[in-house]
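User: I would like to go through the aromatic rings of a protein model. Please take it slowly and give a reason for each answer.

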Amino acid sequence: MSKSRFEAFTDAIIAIVMTVLVLNLDLPKDSSFSALLALKNQFLIYFVSFFILAIYWNNHHQLVHAVKKIDGVVLWANNIFILSLTLFPFATSWVSSYPHELTPQISLCYCFTYR
């Protein structure tokens, strides 16, 4: 497999995961700014998750340039990386629903540090 195909596939998955994050945001209860402000925790968690995914994307881009050959080990390591990234929307949604509970926060931190 070529490095460009490998990198393009992972870039597409990360882009999809970043897009799915926004689907977990609730609509404000009405059209007022106070209703929008009531969602500040959800937006904060969304921005943090998006930013962390952007960091992972950037680091993956740098890492691929250092790889000499795409073999089975690299493919499977990348698949595990992608698997962990696909958990971001779930963990982000869970933390958004329970922002003051410890267990959801631990799950999100686990997604951030698993690799």
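User: Is phenylalanine 50 buried, partly exposed or exposed?
Analyst: The model is a predicted one. Phenylalanine 50 has a relative accessibility of 33%. Buried would need under 20% and exposed over 50%, so phenylalanine 50 counts as partly exposed.

User: Is tyrosine 46 buried or exposed?
Analyst: The relative accessibility of tyrosine 46 is 13%. The cut-off for buried is under 20%, so tyrosine 46 is buried.

User: What is the angle between the planes of tyrosine 46 and phenylalanine 50?
Analyst: Tyrosine 46 and phenylalanine 50 are 4 residues apart in helix 3, so about one helical turn separates them. Their rings form an aromatic pair with a centre-to-centre distance of 6.0 Å. The pair is tilted, and the angle between the planes is 40°.

User: How is the pair of phenylalanine 43 and phenylalanine 47 classed: stacked, tilted or edge-to-face?
Analyst: Both residues lie in helix 3 (residues 40-66), 4 residues apart. Their ring centres are 6.3 Å apart, with 35° between the planes. Stacked needs under 30 degrees and edge-to-face over 60, so this pair is tilted.

User: Which is exposed, phenylalanine 43 or phenylalanine 47?
Analyst: Phenylalanine 43 has 25% relative accessibility and counts as partly exposed. For phenylalanine 47 the relative accessible area is 52%. Exposed means over 50%, so the exposed residue is phenylalanine 47.

User: Which residues do ring pairs link into a cluster?
Analyst: The whole structure holds 6 aromatic pairs. Among them are the pair of phenylalanine 43 with phenylalanine 47 and the pair of tyrosine 46 with phenylalanine 50. The cluster linked by ring pairs consists of Phe43, Tyr46, Phe47 and Phe50.

How values were computed
Residues are numbered from 1 along each chain as its sequence is written. This is a predicted model: local features need pLDDT of at least 70, side-chain atom pairs count only at pLDDT 80 or more; totals for chains, interfaces and linings use all residues. Side-chain values use heavy atoms; hydrogens and water are left out. Rings of Phe, Tyr and Trp (its six-membered ring) pair if their centres lie within 6.5 Å; planes under 30 degrees apart count as stacked, over 60 as edge-to-face and the rest as tilted. Helices (H or I, at least four residues) and strands (E, at least two) are DSSP runs, numbered from the N terminus. Buried means under 20% relative accessible area, exposed over 50%, partly exposed in between (1.4 Å probe, protein chains only).
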